[in-house]
Amino acid sequence: MLDKQLEKELQRFALEIRIGAVEEFKARGFGHVGGSLSVADALAVLYGAVMKYDPKNPKMEDRDKLVCSKGHAGPSVYAALGLKGFFPYEDIKTLNQPGTNFPSHCDRQKTPGVDMTTGSLGQGTSLAVGMAMGDKLKGRDSRTFLIVGDGESDEGQVWEAAMFTAAKKVTNLVWLIDNNKKQLDGYTKDILDSGDLRAKFEAFGFEAVRIDGNDLGQLYDALTKKAEDKPIAVILDTVKGKGVKEVEETMGNHSMNVPAETYDKWLGELRAELAALA
C-alpha cells in the first residue's frame with residue numbers, strides 16, 4: 001500500500017512529467033498530447049517507485065525495462081527520464097527538431113534510458129516479449145513493463161504477443177493497457193470495439209486486473225504485485241489528456257496544434273497545481 005509521503009512524491013512527479021511533456025509540445029508547436037498525458041501517472045509510479053534502474057548506467061544488465069509500444073507517448077517518457085537524470089532535462093525541448101535525440105516516437109539508439117524503439121503500432125508487444133524472455137533465460141532478476149494503447153490493440157500482433165506471453169509463462173513481463181477510450185480519429189468503441197479487455201486477457205491466460213489508471217495508489221498496488229504462474233495484465237482506465245482540463249474536454253486530442261499562449265495557459269495551471277502540493 002502506498003504511504004502518504006510516497007504518494008505526495010509521486011503526485012509531484014506525475015505533475016512534473018505533465019509539465020515536461022507540455023513544455024516539449026510548446027517548443028515544437030504540436031504533438032501527441034492526449035495519449036502522452038494519459039500515461040503520466042503510470043510512468044510516475046514506474047520510475048518513481050517500482051522500477052530498478054541507474055541513470056548513470058542506462059544499460060545496466062539487471063535493470064527493469066520499459067517498452068512504450070504506443071511510441072507516440074514518447075514525450076512523457078522523455079520527461080520522466082530527464083527528471084530522473086538520464087540526460088539534461090532541458091534537452092527534451094528539442095522534441096522532433098532536426099538532429100534531436102528526442103524523436104516523436106521512442107528510439108533506443110537516440111535517447112539514453114529508452115529501452116526499445118517503438119511507434120509502428122503493435123510491434124512493441126512482440127519486442128517486449130522477446131526482451132523479457134531473454135532476461136528470464138539469462139537468469140536476470142528484472143521485469144519488463146509494456147505500455148500498449150487501447151486503439152493500438154486493434155492490431156492482431158498485440159494478441160499474438162499476448163497469447164505467446166501467457167503460453168510461455170513470461171511472468172517477468174507486465175502488460176499495461178492504456179484504456180483511454182479514444183484513438184486517432186474517434187472513440188475506440190465506434191472504430192473497433194475491444195469489449196471487455198480484462199476478460200480477454202484472462203481468456204488468453206493472464207492474471208488481469210482493471211483499475212483507475214490515473215490513481216496512484218491503485219497503480220502502485222497493481223505494479224508492485226509479483227506474478228506467480230501467470231503473467232499480469234493491468235487494464236488502465238484513463239482519461240485521454242488527463243491533467244489538463246481543456247485537453248480532456250477536446251474531442252480531437254490525439255495530436256494537437258495550438259498557439260504558444262494556449263500551452264502557456266496549460267503550463268500555468270499545472271505549475272499552480274504543483275505549487276499547491278508544496
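Select Asn 96 to begin: in this predicted model, the residue is partly exposed, with a relative accessible area of 29%. Its position is the loop between H4 and helix H5 (123–137). Display the backbone torsions here, and Asn 96 shows a positive phi of about 65 degrees although it is not a glycine. Most residues other than glycine have a negative phi.

Next, move to Lys 181, in the loop between strand E4 (173–179) and strand E5 (182–183). Lys 181 is likewise not a glycine, yet has a positive phi of about 75 degrees. Lys 181 is partly exposed, and its relative accessible area is 33%.

**The open sheet**

Now select the strands E2, E3, E4, E8 and E7. These five strands form an open sheet in the order E2-E3-E4-E8-E7, and the pairing is parallel. At the edges stand E2 and strand E7 (207–212), each of which pairs on one side only. Averaged over the sheet and with direction ignored, neighbouring strands are turned by 20 degrees against each other. Add helix H8 (residues 197–204) to the selection: H8 packs on the sheet and touches E4, E7 and strand E8 (232–237). The direction of H8 makes about 165 degrees with that of E7.

**The edge strand E2**

Restrict the view to strand E2 (residues 65–68) and show side chains. Lys 65 and Val 67 point one way from the strand, Leu 66 and Cys 68 point the other way, and all are buried. Then bring back strand E3 (residues 144–149), with which E2 pairs in the parallel sense over four bridges. Which residue of E3 is the bridge partner of Leu 66? Phe 145 takes that place. Cys 68, in turn, stands opposite Ile 147 in E3.

**Where H1 meets H4**

Finally, select helix H1 (residues 4–28) together with helix H4 (residues 74–83). Their axes come within 8 Å and cross at roughly 120 degrees; H1 and H4 are therefore oblique to each other. The crossing in which H1 passes H4 is right-handed. To show the contact, choose Phe 13, Glu 16, Ile 17, Gly 20, Ala 21, Glu 24 and Phe 25 on H1, and Pro 75, Ser 76, Tyr 78, Ala 79, Ala 80 and Leu 83 on H4. Coloured by residue class, the residues of this contact divide into nine nonpolar, two polar and two charged.

Technical notes
Residues numbered from 1 in each chain as written. Predicted model: local features only at pLDDT ≥ 70, side-chain atom pairs only at ≥ 80, totals over all residues. Heavy atoms only, no water. Axes fitted to C-alpha atoms, helices over the stretch in contact; angles between N-to-C directions. Helix = DSSP H or I, 4+ residues; strand = E, 2+ residues; numbered from the N terminus. Parallel < 35°, antiparallel > 145°, perpendicular 65-115°, else oblique. Left-handed = near helix turned anticlockwise from the far one by under 90°. Contact = heavy atoms within 4.5 Å. Nonpolar A, V, L, I, M, F, W, Y, C, P; charged D, E, K, R; others polar. Buried < 20%, exposed > 50% of the residue type's maximum accessible area, 1.4 Å probe, protein only. Pairing = 2+ DSSP bridges.
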